[in-house]
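Work through the three exercises below. Try each task before reading its solution.

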Amino acid sequence: MTRGDSLPIRIEPGSVNGRVMAPASKSVAQRAIALAAVSSGRSEIWFPGRCDDVLAAIRVCRAMGARIREGEDKLLIDGGVQPPAVALNCGESGLGIRMFSGLSAAFDQEVSLTATGSLLQRPMHIIQHSLQALGVQCRTNNGFPPITVRGPLRGGRAKIDASLSSQVLTGLLMAAPMARTDCYLEVENLKSIPYIDTTLMVMKAFGAGVENRGYREFFIPAPQVYKPAKFVVEGDWSGGAFLLVAGAVAGKVRVDNLDVASTQADKKIIQALETAGAGLKGSDGGKTQGAIEAGRKNLKGFEFDATHCPDLFPPLTALAANCQGLSRIHGTGRLAAKESDRAAALIDTFGRIGIRLWIEGDNTLVVEGGEIHGGTIHSHGDHRIAMAGAIAALNSKTGVSIENPGVVSKSYPGFFADLEAMKV
């Protein structure tokens, strides 16, 4: 699949029964590629995947001067960066533009960062304010991309409002070791805490020390030097969540390459599946190392707080559509600034195929499980909406046609092929 206005794809009703490898975590891979690029020496990044966001990170690091050789299963990255001669094109990667804005602040020359597609409409003003507090010149296009950054990153103290996204904090944490003096990052309203744990894990792997003071303040001694590493990218719980929901609603699926000890936020899908009554094996932290199996049982409505794992909303909605009764998923306030206005996109998508769902209060999506009629939906330019529609099709009466399905290449290019291979 390719992005853009790709041809529609039709998913027919049917059961699933199979075994599949979870894709590489683009969230982990992007962080590792970036830190390998700023390290002094050669790093090996194993199993990084080839989704659009990972390819964008490779492209940006090459533009900054890192030498990257792509093999079948790994990247060899000779680190060492310099001010780029061209604008850094981050594609549609929200993590990428926020991460590389911070890292670009290490240069004392102006760096421009551009975006494409839906990322052009996602807010960037918090990057501007946070970098300016650390002595960096930073401009945006009225709070949106493109972003222009000029260091040096002097250090000091900055306050970060992390209510919309933890990605700004991730970018500052990764850049802070390269500051001229120590950094103190005071954080307000931090959401998606597990993503910060992932950032700290990758930073530690590349030799950087951070003192986490209860997620309210982070102290980063500076300057530090990132060291090259051999790093294995773990499987992606975000993509794996759709596969597990497919098994829970339409048969049985075993997903390999999922670490139950991962820092990834979306491993919480296990908790939601258990609450809904799905049959699970291997989710107890070790009996089936690296593999989770989900099977169909009678599913009941559930309640789940997705505030710290908002990317689970689409697979959770597909799960809830197949449950008896009402399900309530909390945390819709996190969804407006995704690849789509994801709450509105879910209501439109599932409403078109016969499911009733609505916003209750200002922070809860309510889904009434029922008969999935089928029909035609649009991906809304959002990879996770396209995948949710495909899972919903499995138990539909007439099947689901998905317009512009190629958006799945942002995170999981092989999704439709994997789903088709499991159908029986």
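**Exercise 1.** Place Asp256 and decide: is Asp256 buried or exposed?

Solution. Asp256 is found in strand β15, residues 251-256. Strands are DSSP runs of E with at least two residues, and helices are runs of H or I with at least four, numbered from the N terminus. The model is predicted: local features need pLDDT of at least 70, side-chain atom pairs count only at pLDDT 80 or more, and totals for chains, interfaces and linings use all residues. Residues are numbered from 1 along each chain as its sequence is written, and side-chain values use heavy atoms, without hydrogens and water. The relative accessible area of Asp256 is 12%. Buried means under 20%, exposed over 50%, partly exposed in between (1.4 Å probe, protein chains only). So Asp256 is buried. Leaving aside neighbours within four places in sequence, its contacts (heavy atoms within 4.5 Å) are Arg19, Val20, Met21, Ala22, Gly290 and Ala291.

**Exercise 2.** Find which residues of helix α12 are buried.

Solution. Helix α12 spans residues 415-422. Its buried residues are Phe415, Phe416, Leu419 and Met422. They cover an arc of only 130° around the axis, so they lie on the same side of α12. The arc is that of the directions from the helix axis to the C-beta atoms. Ala417, Glu420 and Ala421 are exposed on the other side.

**Exercise 3.** Name elements that cover the buried residues of α12.

Solution. Start with the strands: the cover includes β1 (9-11), β2 (16-21), β15 and β23 (400-403). Then take the helices: it also includes α7 and α11 (383-393).
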